[in-house]
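Reader: Please take one part of this structure and go through it closely. I am in my first year and would rather follow one thread than read a list.

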Amino acid sequence: MTFTKDETIRSNVEAFQSLDVDQQLALFYFIYKEMGGAITPAAPGASTVSPEIAEGLFNQVKDMSHEEQLQLQRDLITHKNGLLAREYGSIGDTTKLLFWYRLAQGMDAGTIIPLPANYQLAAEAQSLLEQIKGLQFQQQITLFRDLVSPMGVDSATAEHDSETGL
């Protein structure tokens, strides 16, 4: 996992993680809507990205019902042990960025559960979005990596989950 020593980024990560799960998901979508065009060229071109893995994980999510898609995204944020959460936890940070970008694209295409019509971010999430937009590009990329990196479940350190059998 990559975690910066930059206090601005660290405080933004903490602010993001203090939001409730659904606000985190919504904010992620708005981040990709606002800045995806700048972020995405950095991710697919990175030497550590694996587009095939991101696409394979995305396709597994795409094949779920909308309710299952939403639950999986919540599970990734809350580290709920499951097969896809473990798959996600095993991929590199840049591939994780690409996976979330693909989810945002899927939301736009209607293959991934969209936000409700006329959805508004909570004031805290909107304020955080404005702060993120004001960061330098490299700070944004570092922030996004620090957000996606701990999500999911690291199978090397996860305790046995009797509910899932993993």
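Author: The thread starts with F28 and W100, both of which are buried. The model they belong to is a predicted one. A pair of aromatic rings is described by the distance of the centres and the angle of the planes. Two rings are taken as a pair when their centres lie within 6.5 Å, and on that rule the model has nine aromatic pairs. For F28 and W100 the centres are 4.9 Å apart and the planes stand at 35°, so this pair is tilted. To see why, note that planes under 30 degrees apart would count as stacked and planes over 60 degrees apart as edge-to-face, with the rest tilted. The two partners come from distant parts of the chain: F28 sits in helix α2, residues 21-42, and W100 in helix α6, residues 93-109, with their positions 72 residues apart.

The pair does not stand alone. Ring pairs join F28 and W100 with F16, Y32, Y88, F99 and Y101 in a cluster. Another ring, that of F58, has a charge over it: the charged end of R102 is 4.1 Å from the centre of that ring.

Now to the space beside the pair. The structure contains one cavity of 30 Å³ or more. The largest cavity holds about 60 Å³ of space. F28 and W100 are both in its lining, together with L25, Y29, Y32, Q73, L103, A104 and M107. The elements that contribute two or more residues to this lining are α2 and α6, which are also the helices of the F28 and W100 pair. By class, the lining has eight nonpolar residues, one polar residue and no charged ones.

Some of these names return in the largest pocket, which has a volume of about 190 Å³. L25, Q73 and M107 line the cavity, and L25, Q73 and M107 are also among the residues that line the pocket. The rest of the pocket lining is made up of D22, A26, L70, R74, I113, P114, L115, P116 and Y119. At least two residues come from α2, and at least two from α4. The pocket lining divides into nine nonpolar, one polar and two charged residues.

Helix α4, residues 66-78, also contains Q69. Q69 has a relative accessibility of 0%, so it counts as buried. A polar atom of the Q69 side chain lies 3.4 Å from the backbone oxygen of K62.

The loops that follow α4 and α6 each hold a residue worth a look. Most residues other than glycine have a negative phi. H79, in the loop between α4 and α5, has a positive phi of about 65° and is not a glycine. N118, in the loop between α6 and α7, likewise has a positive phi, near 60°, without being a glycine. With a relative accessible area of 42%, H79 is partly exposed, whereas N118 is exposed at 74%.

Finally, the setting. The chain has eight helices and zero strands. Of its 166 residues, 46% count as buried, and F28, W100 and Q69 belong to that buried group.

Note on methods:
Residues numbered from 1 in each chain as written. Predicted model: local features only at pLDDT ≥ 70, side-chain atom pairs only at ≥ 80, totals over all residues. Heavy atoms only, no water. Phe/Tyr/Trp six-rings, centres within 6.5 Å; stacked < 30°, edge-to-face > 60°. Helix = DSSP H or I, 4+ residues; strand = E, 2+ residues; numbered from the N terminus. Buried < 20%, exposed > 50% of the residue type's maximum accessible area, 1.4 Å probe, protein only. Lys NZ or Arg CZ within 6 Å of the ring centre and 35° of its normal. 1 Å grid on protein atoms, 1.4 Å probe; cavity = no way out; pocket = protein on both sides within 12 Å on 5 of 7 lines; lining within 4 Å. Points joined across faces, edges and corners; volume = space filled by probe spheres on them. Nonpolar A, V, L, I, M, F, W, Y, C, P; charged D, E, K, R; others polar. Polar contact = N/O pair within 3.5 Å; in protein donor to acceptor, adjacent residues only side chain to side chain.
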